[in-house]
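Notebook open, structure loaded. I'm jotting down what I look up as I go.

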Amino acid sequence: MNSTPHTREGRDVSTDTTHEYMRKVVADVGFDDDFTRGPWLSAVDYANANGWVVNGCLGDIKSHIKKGKVDLVLAIIKSCTPNAIGDLTVTLKDLSGSLSGTIHHKIINEGGYGKDINVGAALILRNISVFSPKSGHYLNITMKNLVKVFKKDTPPGSSGILEEEEIMKLLEEEEMSEIELQLLGNVNDDEIQHTQDEEAFNLALEEEARYDRIDQERLQQQEEEYNLLWGLQQHQPQ
């Protein structure tokens, strides 16, 4: 499989027929069934419709990393295995090569993708973190990175592309959600700070009261000692 990334798969699919696109894929990477099936073709079609330039990057991930992240990944799941903490350990491949990664358990459970994410499915990922330990590179896939999943039985032409009006509505809803989360975060921060300040103030009051009690007890003890001494002096023979 050639490792030279091309942008043409993202552009040509909008003007060429599916058969012509498939012929070019075979010419680039050799015959690979995964790149002629519905999940991959639909993922490329979806990305192209959104104006995203599709580059094969997994075979040379280092050159695509910017500040620890890669902007766009289109990939097919080559292998998929649950790990001890409930995440999925996967091997992803695109036209340039393959790379390992982990899919966070929230995608499977809370995201509802448990039945969709398996071998043969295609993923579209955006702004995804790349971890680079000594053993190599791998992708850290979370809910905020996952744009779309194309199930392994997705037929060609099933990209699920939305009309412009629907896309704008979704973007507006997403923007409003982010604003609400930011406001909620600020409120929570203020509440936490207020609680911490109140607790510190109460502790200071308790500490002050404790010292007052100690001072009162000391004064009372000194007074008792003085009275005792004065009484002894009065009973001494003249």
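**Fold first.** I counted the secondary structure and got five helices and six strands in the chain. Reading along the sequence, I wrote the order down as α-α-α-β-β-β-α-β-β-β-α. Note to self: this is a predicted model, so every value below is computed from predicted coordinates.

**Whole-chain numbers.** The chain has 238 residues, and 28% of them count as buried. I get an accessible surface of about 15700 Å² for the chain, with 51% of that belonging to carbon and sulfur atoms. I also looked at contact order: among contacts with a separation of 6 or more, 63% are between residues 24 or more positions apart.

**Cysteines.** How many disulfides does the structure hold? Zero. I still checked the burial of two cysteines. Cys-57 is buried, because its relative accessible area is 1% and the cut-off for buried is under 20%. Cys-80 comes out at 24%, so I have that one down as partly exposed.

**Nonpolar cores.** The largest one has 24 residues. Which residues have the most contacts inside this core? I find Leu-58, Leu-92, Ile-103 and Leu-139. Next I asked which elements give two or more residues to this core. The list is strand 1, strand 2 (88-94), strand 3 (97-103), helix 4 (105-108), strand 4 (122-131), strand 5 and strand 6. There is also a second, separate core of 15 residues, and Phe-35, Trp-40, Leu-74 and Leu-95 are included in that one.

I then pulled the contacts of Leu-92, skipping residues up to four places away in sequence. Leu-92 touches Leu-58 and Leu-139, both of which are also on the most-contacts list for the largest core. Other partners of Leu-92 include Ala-75, Ile-76 and Ile-77, along with Gly-97, Ser-98 and Leu-99. Leu-123, Leu-125 and Ile-141 touch Leu-92 too.

**Ser-79.** This residue sits in strand 1, which runs over residues 69-82. Buried or exposed? In between: at a relative accessible area of 28%, Ser-79 is partly exposed. Thr-91 caught my eye as a partner, 12 residues away in sequence but with a C-alpha to C-alpha distance of 5.0 Å from Ser-79. The side chains of Ser-79 and Thr-91 are joined by a polar contact of 2.9 Å. Leaving out neighbours within four places in sequence, I find Ser-79 in contact with Thr-89, Val-90, Thr-91 and Val-119.

**Thr-142.** I found Thr-142 in the loop between strand 5 (138-141) and strand 6 (146-150). Why does Thr-142 count as buried? Its relative accessibility is 18%, and anything under 20% goes in that class. The side chain of Thr-142 makes a polar contact with the side chain of Asn-145, at 2.7 Å. With neighbours within four places in sequence set aside, the contacts of Thr-142 are with His-104 and Ile-107.

**Aromatics.** How many aromatic pairs does a search of the whole structure find? Four. I took down two of these.

Tyr-46 and Trp-52 have ring centres 6.2 Å apart and planes at 55°, so I logged the pair as tilted. The angle falls short of the over-60 cut-off for edge-to-face. Tyr-46 is buried at 14% relative accessibility, whereas Trp-52 is partly exposed at 21%.

Phe-131 and Tyr-138 form an edge-to-face pair, with 5.5 Å centre to centre and 90° between the planes. At 36% relative accessibility Phe-131 counts as partly exposed, and Tyr-138 is partly exposed with 28%.

I also followed the ring pairs to see what they link up. Tyr-46, Trp-52 and Phe-150 come out as a cluster.

**Asp-153.** Last lookup of the day. Where is Asp-153 found? In the loop between strand 6 and helix 5 (164-235). Asp-153 is exposed, because its relative accessible area is 57% and the cut-off for exposed is over 50%. I also checked the distance to Ala-121: the two residues are 32 apart along the chain, and 7.8 Å separates their C-alpha atoms.

Definitions and conventions: Residues are numbered from 1 along each chain as its sequence is written. This is a predicted model: local features need pLDDT of at least 70, side-chain atom pairs count only at pLDDT 80 or more; totals for chains, interfaces and linings use all residues. Side-chain values use heavy atoms; hydrogens and water are left out. Helices (H or I, at least four residues) and strands (E, at least two) are DSSP runs, numbered from the N terminus. Buried means under 20% relative accessible area, exposed over 50%, partly exposed in between (1.4 Å probe, protein chains only). A polar contact is a pair of N or O atoms within 3.5 Å; within protein, one must be able to donate a hydrogen and the other to accept it, and residues adjacent in sequence count only if both atoms are side-chain atoms. Contact means heavy atoms within 4.5 Å. Accessible areas come from the Shrake-Rupley method with a 1.4 Å probe; for residues, only the protein chains shown count as cover. A disulfide is a pair of cysteine sulfur atoms within 2.5 Å. A nonpolar core is a set of buried Ala, Val, Leu, Ile, Met, Phe, Trp, Tyr and Cys residues joined through side-chain atoms within 4.5 Å. Rings of Phe, Tyr and Trp (its six-membered ring) pair if their centres lie within 6.5 Å; planes under 30 degrees apart count as stacked, over 60 as edge-to-face and the rest as tilted.
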